[in-house]
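Subject: Handing over a structure

Hello,

I am passing this structure on to you. Please open it first, then read my notes below.

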Amino acid sequence: MDTVHQVVFRWDGNQGRQGTGMKAVAHSCTAERAEELGRELGPLLWVSGAAAPRPSVVRTVSRDGDVMLVQRWPTTDRGGRPSTVSHVLIGAPGTLKTRQSLGLAYGGWSPRESAEQATGQLRPVACAELDALARRWLPEMEGRLSTVQRPLILIAAEWLRDPAQRISLLMEEEEPPGRPGPDPAPLVYLGLFLLFGSWLGREWTFATYDTVDSHPLRLMCVPRWEPDAGGPGPLARVDVRTPVQLQVEHKAANRLVKHLLAHPPGSPGLPQLIDGLRNAATLDRPRRQALLKDFLSADRPPAPRPAATAPQPDPGPPTGRAPAPAQAPEPTLLPPPVQETAPVREEPSVREEPPGREEPPVRDRDTPPPPVRERDTPPPARDLAAPPPSRERDTPPPVRDLAAPPPSREASPPGLEVASVREELRNPLPRNALQRDLLKERLRGLPDEALLDVLRSGGLPPEPLGMLLDELGDARRVRERRPQMQRDLCREVLDNGLYFEPNGLDPESASRTAMARRAAELYLWAVAPLTREARFLPDLRELLHRMCRDRHPAAGNWLRDSIIAPANGVAPDLPADLWQQIVRDVHQKSLGPATTTPAATTQPSAPAPATAAPDPPAFGSRLSELTNSPGCVVGTGVGVIVVLLAIVLIFA
């Protein structure tokens with residue numbers, strides 16, 4: 001019979017060994033293995049910070065491939081200080097599969113009181129026992145997927161844009177009273193697993209709640225975002241309250257989620273992705289977008305794949321859609337605590353939308369807008385399932401057939417059409433998805449000259465400005481653009497500092513990371529092809545100097561995405577003196593700002609008598625001083641490395 005090990009970690013002071021801290025106080029494996037797992041899990045055994053503490057579940061993989069499922073609760077140590085107690089399940093590869101883990105994360109597998117009192121030797125847990133617990137909750141979870149439709153679409157769109165991204169989903173800081181049902185965060189993760197399956201080509205790791213999103217996990221829910229917290233690999237931060245600019249990935253995600261809710265797959269991964277877009281996750285974004293456009297233009301999506309009939313170790317699809325009994329017994333795999341009382345489940349607060357909501361969170365162009373309904377009460381803040389508030393609920397958009405072609409150039413003279421588009425772009429009022437699509441269609445019908453005139457006119461709010469720049473950066477336009485028009489656009493972009501700051505998206509409407517990403521994309525198609533032309537070198541030199549000396553992490557993100565590792569994979573073709581300037585500026589920034597002595601507040605009444613200047617120190621004593629200074633040694637070492645890198649880049 002297959003089993004998995006279990007270990008309980010909590011802050012328990014000195015256990016007869018050297019050192020104190022988070023200890024494996026109970027375990028079914030050897031003590032040495034338990035301590036090794038504790039060192040490997042490290043920060044994942046803690047949930048600290050100013051946000052309100054709440055229970056959570058983490059799924060990750062050890063260095064040797066074992067799957068670790070961690071159930072964490074806020075508690076207090078013996079001194080009454082806030083702490084965390086964790087119950088960890090450790091299984092060999094092939095156990096604790098993703099869907100089973102999500103079912104356990106949703107319903108739990110032991111109460112906090114048992115973990116707080118567990119000590120000594122524990123028994124291994126039978127996989128069949130865990131499988132039964134997971135199957136109890138999976139029917140209810142699949143029945144509630146429609147309540148998290150909007151976060152499903154937004155996260156799916158991010159992964160269609162870049163499958164390598166980690167996802168950080170913003171959730172409520174405080175647990176709202178009266179939230180129905182268990183934690184909805186595993187619902188979002190389950191929906192994504194059923195959508196993508198193995199298409200992403202990566203292990204499914206997640207945390208249903210944490211206070212930071214810097215852990216090496218694919219999915220995380222956090223109550224707040226720290227500015228540029230770092231972490232391994234690219235990170236996409238998703239806030240369901242923020243309006244999005246509808247792109248091809250959102251339209252494809254919208255259609256895929258609709259298909260998922262209407263036809264739950266028999267096995268993880270929709271056939272539209274697993275079969276129709278096989279290996280698309282390994283392509284670059286332009287080629288993947290082309291495949292998504294073909295998918296959207298297809299008259300009819302592929303039929304859903306039939307359910308698998310062979311028995312699987314992972315819990316199969318539920319046979320019914322009815323929710324699990326409300327009074328299901330509390331699962332426990334640990335010895336019962338002394339005088340155990342019925343535990344009250346504590347769950348993280350990712351608020352869901354009441355069932356019955358029919359409005360799609362991100363509207364597909366092929367779907368007509370639903371009727372506007374009066375809302376009795378406004379949606380609560382940071383609601384994962386509710387769409388962001390917008391004025392389109394009070395003012396319905398004009399109805400127009402999206403399948404109809406844009407107005408012909410004969411019906412609208414070019415000059416009048418350009419003026420009309422310019423005025424529409426300058427409109428500061430928010431737009432719904434339909435209005436944005438109509439505006440994009442109008443931009444698509446204008447030539448580069450007209451779009452450049454609109455760009456030069458200025459006065460564009462952030463969202464329309466982004467739409468205009470996206471259209472100018474369309475791959476077909478860039479490929480077919482005349483050289484003179486390319487130079488004119490390069491001049492406009494450099495004159496406005498890549499529309500990064502202060503003319504670009506401000507921090508109220510987008511994060512600095514998103515602004516840096518947009519500025520990097522703009523640099524790659526508008527400036528990078530012309531970096532060898534002498535007319536642009538002064539402005540380019542000033543731009544690179546400013547970005548290299550800027551200490552904000554967003555400037556570092558721009559340098560990475562534009563110069564160090566461009567998204568298009570093309571090495572920067574910069575003159576040698578520009579490379580030298582980059583290395584010099586980065587080196588100066590690494591040394592830190594120079595310390596200045598404050599000026600005296602009073603002037604001397606008479607000049608001080610002149611004194612002879614001291615003789616300069618001998619070379620040997622000066623060298624001794626430098627070598628005895630750690631700052632000088634480190635700075636010299638950094639300088640040597642930077643110079644060597646510059647030589648390699650210039651003469652390679």
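**What I found**

Start with Ala 555: leaving aside its neighbours within four places in sequence, Ala 555 is in contact with Met 547 and Asp 550. Contact here means heavy atoms within 4.5 Å.

Some ground rules. This is a predicted model, in which local features need pLDDT of at least 70 and side-chain atom pairs count only at pLDDT 80 or more, while totals for chains, interfaces and linings use all residues. Residues are numbered from 1 along each chain as its sequence is written, and side-chain values use heavy atoms, with hydrogens and water left out.

**Helix α18**

Ala 555 lies in helix α18, residues 553–564. Helices are DSSP runs (H or I, at least four residues), as are strands (E, at least two), and both are numbered from the N terminus. Ala 555 counts as buried because its relative accessibility is 0%. The cut-offs: buried is under 20% relative accessible area, exposed is over 50%, and partly exposed is in between (1.4 Å probe, protein chains only). Thr 513 is 42 residues away from Ala 555 along the chain, with 8.7 Å between the C-alpha atoms.

Ser 562 is also placed in helix α18. Ser 562 is buried, at 1% relative accessibility. Beyond four places in sequence, Ser 562 is in contact with Ala 520, Tyr 523, Leu 524 and Pro 572.

**The chain overall**

The protein chain has 21 helices and 11 strands. It has 652 residues, and 47% of them count as buried. Take the contacts between residues at least 6 apart in sequence: 75% join residues at least 24 apart. The accessible surface comes to about 32,500 Å², and 56% of that belongs to carbon and sulfur atoms. Accessible areas come from the Shrake-Rupley method with a 1.4 Å probe; for residues, only the protein chains shown count as cover.

**Strand β2**

Strand β2 covers residues 22–27, and 6 of its 6 residues are buried. Which way does β2 pair with strand β1, parallel or antiparallel? The sense is antiparallel, over 5 bridges, with β1 spanning residues 3–11. Two strands pair if DSSP finds at least two bridges between them. Val 7 stands opposite His 27 of β2. Strand β6 (residues 120–121) pairs with β2 in the parallel sense, over 2 bridges. There, Gly 120 in β6 is the bridge partner of Ala 26.

**Cores**

The largest nonpolar core has 68 residues. Such a core is a set of buried Ala, Val, Leu, Ile, Met, Phe, Trp, Tyr and Cys residues joined through side-chain atoms within 4.5 Å. Those with the most contacts inside it include Leu 160, Phe 196 and Trp 199. Helix α6 (residues 185–196) gives the largest share of this core, 10 residues. A second, separate core of 50 residues includes Ala 520, Leu 537, Leu 540 and Trp 579.

Leu 160 touches Phe 196 and Trp 199, and also Glu 249 and Arg 288, among others more than four places away in sequence.

**Aromatic rings**

The whole structure holds 8 aromatic pairs. Rings of Phe, Tyr and Trp (its six-membered ring) pair if their centres lie within 6.5 Å; planes under 30 degrees apart count as stacked, over 60 as edge-to-face and the rest as tilted. Trp 11 and Trp 46 are edge-to-face, 5.6 Å centre to centre with 65° between the planes. Trp 11 lies in strand β1 and Trp 46 in the loop between α1 (31–41) and β3 (56–61), so the pair ties together parts that are 35 residues apart in sequence. Trp 11 is partly exposed at 30% relative accessibility, and Trp 46 is partly exposed at 32%.

Phe 196 and Trp 199 form a tilted pair, because their ring centres are 5.8 Å apart and their planes are at 35°. Phe 196 is buried at 1% relative accessibility, and Trp 199 is buried at 8%. Ring pairs link both of them with Trp 159, Phe 193 and Trp 204 into a cluster.

**Two loop residues**

Leu 96 is not a glycine, yet its phi is positive, about 45°. Leu 96 sits in the loop between β5 (82–91) and α2 (98–107), and is buried at 1%. Asn 279 also has a positive phi, near 65°. Its loop runs between α8 (271–274) and α9 (285–297). Is Asn 279 buried or exposed? Asn 279 is exposed, at 53% relative accessibility.

Best wishes
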